[in-house]
Amino acid sequence: MDLSTAIEFFENPKWSPYKDYVDDYKDFMKAYYKKHPDKSIESAIDFFVELMTALSFEQEKADFQEKEKTL
């Protein structure tokens, strides 16, 4: 996978709730892989997916706790 394919991955509407994170991460990837073209882009995508999964879980947990307070 090359950088342009990775950028397309991040343009998927699935990531729209995390637009600010995605934009920052794309900028990071562009700068990093320009300096380190030998590094694997797949690992950066895997990390991002894990990060967004954790973020989503924590947001759902916070939303649930807030909802419980109002019951």
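User: Rings of Phe, Tyr and Trp (its six-membered ring) pair if their centres lie within 6.5 Å, with planes under 30 degrees apart counting as stacked, over 60 as edge-to-face and the rest as tilted. How many aromatic pairs does this rule give?

Analyst: This is a predicted model, in which local features need pLDDT of at least 70, side-chain atom pairs count only at pLDDT 80 or more, and totals for chains, interfaces and linings use all residues. Residues are numbered from 1 along each chain as its sequence is written, and side-chain values use heavy atoms, with hydrogens and water left out. Ring pairs join F9, F10, W15, Y18, Y25, F28, Y32, Y33, F47 and F48 into a cluster. Under the pairing rule, the number of aromatic pairs is 11.

User: How many residues apart in sequence are the parts that the pair of F10 and F48 ties together?

Analyst: The rings of F10 and F48 meet edge-to-face, with 4.7 Å from centre to centre and 90° between their planes. F10 belongs to helix α1 and F48 to helix α3 (helices are DSSP runs of H or I, at least four residues, numbered from the N terminus), so the parts tied together are apart in sequence by 38 residues.

User: Where in the chain does W15, which pairs with F48, lie?

Analyst: W15 and F48 also form an edge-to-face pair, at 5.2 Å centre to centre and 75° between the planes. Both W15 and F48 are buried, meaning under 20% relative accessible area (1.4 Å probe, protein chains only). This pair links distant parts of the chain, 33 residues apart, with F48 in helix α3 and W15 in the loop between α1 and α2.

User: Which residues of helix α1 are buried?

Analyst: Helix α1 spans residues 3–10. F10 is buried, as is its partner F48, and the full set for α1 is A6, I7 and F10.

Terms used:
Buried < 20%, exposed > 50% of the residue type's maximum accessible area, 1.4 Å probe, protein only. Helix = DSSP H or I, 4+ residues; strand = E, 2+ residues; numbered from the N terminus.
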